[in-house]
Amino acid sequence: MRGQFAALVRHFFGRFFDNEFVAGNSEMHVTVTKILALLAAPGVVLPCLRYITYLRLDGYPPDARLPVLWSDRLFFLCFSMLVMGGVTVLEWDALFPDRRDYVSLVPLPIRARTIFLAKVGALAIFLVGFTIAVNAVSIVLFPIISYRGSAAALLRAIVSHGISIVAANTFVFVSLVAIEGVLLNALSVRWFRRASVYVQCAMVFALLSLFFLYPGIASSITEWKTHRPMALYAFPPMWFVGLNEQLLGSSDAVMLTLARLARYGLAMVTLFAAAAYAIAYRRHVRRTLESLEGDAGTRTRAHQLVGRIADRLVPHPIERAVVAFTGKTIARSARHRIFLAVYVGVGCALILQTIAASGLRQAWLSVPLLLSFFTLSGMRYIFTLPSELPANWLFRLDENHERRRALNAARRAMWWFAVAPLFVALAPFYFVLWRPGVAAAHLLFGIVISMLLVEALLLDFWKIPFTCSYPAGKANVTLLWIFYWLGFTVYAYSMASLEAWMVLRPWRLAIFYLAAAVVWWGFEQHRRRWDRVGFTLVFEDAADPVVRTLGLSEIAWLSLRLPLKPASRAAPRSSPSHTSDVT
């Protein structure tokens with residue numbers, strides 16, 4: 001019995017890391033280690049950065065340290081809850097045993113109660129283990145740097161900080177388990193699969209919004225504690241700041257109320273999650289075994305209508321096929337939808353923060369640019385993630401001299417699946433906030449600037465979306481995010497200021513559209529240059545070489561090939577800058 005239970009716990013725990021979100025072409029432990037190291041980094045960096053601040057506070061009364069302590073503790077709690085919630089959303093399908101588990105385990109001589117308890121044990125180990133792996137350093141390091149007192153008091157501060165972190169993560173984890181349990185009890189298997197995607201996206205947005213609300217709340221804790229305590233009561237991470245204060249022996253009435261909310265909230269959601277999980281587990285076993293795999297791919301009238309519209313909008317067969325493949329992959333792949341939801345969720349959270357700071361009318365100029373930047377950037381990222389990579393042989397066999405059509409299709413997919421729906425949805429708000437002429441000018445500006453962003457994002461994109469391998473760790477995340485942040489700042493806020501300045505004088509818009517046409521012409525010339533040189537589509541994206549070369553031989557090859565007459569275009573050569581990527 002014990003051997004069965006331990007083996008099942010190991011099996012279910014391993015399934016948390018055996019999914020499509022962990023890179024399939026790399027060692028699992030290497031991938032997980034890199035992720036954990038990245039998530040643990042703020043817990044190491046922030047206490048060190050705050051060391052000087054707490055040294056300066058040593059010359060002030062003890063009460064002067066409290067606002068800074070509350071703010072920093074709130075950051076650690078918000079970040080930890082965001083990470084735990086995000087990981088739980090990604091592991092949504094692993095919270096309950098899936099069809100493969102049932103088909104493999106039910107015929108074996110194992111009691112159903114043993115399987116159930118093993119799954120619950122694996123969930124508990126995952127919760128505690130992930131919490132410790134991400135927060136262990138900050139749990140010890142932050143109290144050492146920030147707390148002043150005896151060794152016993154320091155130990156108490158470390159324990160209090162650890163308990164509040166674990167309690168906050170448990171609250172998020174069991175809340176999401178409860179939500180999934182309710183959906184399993186209320187919906188059929190087919191509708192549960194459909195609803196899960198939207199619930200996961202909503203949870204991503206909620207978690208990101210929670211984190212992005214942190215700066216405004218952290219800077220106002222002292223004021224709100226005195227004048228607006230209800231605002232603090234409505235922010236769950238503050239509950240666990242209060243719990244931390246209570247464990248340290250605080251007698252502050254607001255903090256004690258927050259601690260009471262943390263205890264009651266955690267107890268209620270845990271009991272509710274346990275009941276929902278136990279009830280849903282039995283029903284889920286029966287309904288999952290009776291359901292058919294892959295029934296979500298049936299073609300409906302909506303699919304037919306979208307297909308007829310696509311035939312009109314994209315007349316060329318190659319472009320139409322790639323656009324249809326792109327749309328269906330996004331619609332059916334949970335992995336790609338979740339990553340896209342993360343990007344869109346960041347944009348929506350920033351929009352809420354901007355509107356809360358400056359009001360709707362003042363912030364509206366940047367709202368469409370924020371949404372288009374993160375939506376298009378998210379699509380550009382998910383285009384690089386393969387979907388059923390072994391099946392890309394079909395695209396390899398069909399590659400021909402019209403490969404430029406396949407690249408054009410990626411651009412069209414961004415137009416019709418991101419730019420067009422976004423501005424159709426936003427158009428009514430434009431005409432509510434401004435007069436028709438001004439609203440049309442703003443709407444046209446947003447569309448034009450979004451189209452230029454599409455061109456910039458796909459400037460060096462030589463792939464059919466979702467068909468190329470993605471080596472784990474190839475991208476320099478730090479450098480990439482620096483460029484993303486600079487691009488985001490220029491695109492979302494500088495362009496919004498430029499738009500506000502140009503709308504005051506309509507003739508300025510004419511100059512902008514002329515400049516946009518010149519930029520568009522530059523992108524077109526770039527494409528024509530590569531059409532003359534020749535290129536191939538990339539299906540195997542090799543990892544960075546251990547030893548880099550200067551590529552002098554490739555430059556020499558290019559100088560020899562360029563003078564040739566256009567007759568050589570009948571058999572295009574590989575792009576010199578991408579020759580090493582093609583196998």
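**Salt bridges, cores and a surface patch**

R405 has a relative accessible area of 32% and is therefore partly exposed, since that class lies between the limit of under 20% for buried residues and the limit of over 50% for exposed ones. The model in which this residue is seen is a predicted one, and R405 offers a convenient place to start reading it. R405 forms a salt bridge with E319, and the closest N and O atoms of the two are 3.1 Å apart. Because R405 lies in helix α20 (residues 403-433) and E319 in helix α15 (residues 317-332), this pair ties together parts that are 86 residues apart in sequence. The partner E319 has a relative accessibility of 3%, so E319 counts as buried, whereas R405 is partly exposed.

This pair belongs to a wider set, for the structure holds eleven salt bridges. Another of them joins D531 to R404, with the closest N and O atoms 3.0 Å apart. Here D531 sits in helix α23 (residues 506-533) while R404 sits in helix α20, so the bridge ties together parts that are 127 residues apart in sequence. D531 is partly exposed, with a relative accessible area of 27%, while R404, at 16% relative accessibility, counts as buried.

Helix α20 also carries R411, which forms a salt bridge with E455, a residue of helix α21 (residues 436-457). The closest N and O atoms of R411 and E455 are 3.0 Å apart, and, since the two residues lie in these two helices, their pair ties together parts that are 44 residues apart in sequence. How does burial look for this pair, buried or exposed? E455 is buried, with a relative accessible area of 3%, and R411 counts as buried at 12% relative accessibility. Salt bridges with shared partners join R411 and E455 with E524, R527 and R528 into one network.

From the charged pairs we can turn to the nonpolar interior. In the largest nonpolar core, which has 144 residues, the members that touch the most other members are L74, F173, M238, F240 and F383. Helix α4 (residues 66-90) supplies the largest share of this core, with 15 residues. Leaving aside the neighbours within four places in sequence, L74 is in contact with Y214, I217, A218, I221, F235, P237, M238 and V241. Another core, of 16 residues, lies apart from the largest one, and V314, F395, A409 and W530 are among its members.

A single serine gives a view of one residue and its surroundings. S372 lies in helix α18 (residues 366-383), and because its relative accessibility is 2%, S372 counts as buried. A polar atom of the S372 side chain lies 3.1 Å from the backbone oxygen of L369. Not counting residues up to four places away in sequence, S372 touches S377, L422, S450, L453 and Y491.

The last stop is on the surface, where V44, V45, L49 and V137 form a nonpolar patch with about 330 Å² of accessible area together. Which helix gives the most to the nonpolar patch? That is helix α2 (residues 28-49), with three residues. V44 has its place in helix α2, and at 35% relative accessibility V44 counts as partly exposed, whereas the serine S372 in helix α18 counts as buried.

Methods: Residues are numbered from 1 along each chain as its sequence is written. This is a predicted model: local features need pLDDT of at least 70, side-chain atom pairs count only at pLDDT 80 or more; totals for chains, interfaces and linings use all residues. Side-chain values use heavy atoms; hydrogens and water are left out. Patches are made of residues with over 30% relative accessible area and no salt bridge: like charges are joined within 9 Å, nonpolar side chains (Val, Leu, Ile, Met, Phe, Trp, Tyr) within 5 Å. Accessible areas come from the Shrake-Rupley method with a 1.4 Å probe; for residues, only the protein chains shown count as cover. A salt bridge is a side-chain nitrogen of Lys or Arg within 4 Å of a carboxyl oxygen of Asp or Glu. Helices (H or I, at least four residues) and strands (E, at least two) are DSSP runs, numbered from the N terminus. Buried means under 20% relative accessible area, exposed over 50%, partly exposed in between (1.4 Å probe, protein chains only). A nonpolar core is a set of buried Ala, Val, Leu, Ile, Met, Phe, Trp, Tyr and Cys residues joined through side-chain atoms within 4.5 Å. Contact means heavy atoms within 4.5 Å. A polar contact is a pair of N or O atoms within 3.5 Å; within protein, one must be able to donate a hydrogen and the other to accept it, and residues adjacent in sequence count only if both atoms are side-chain atoms.
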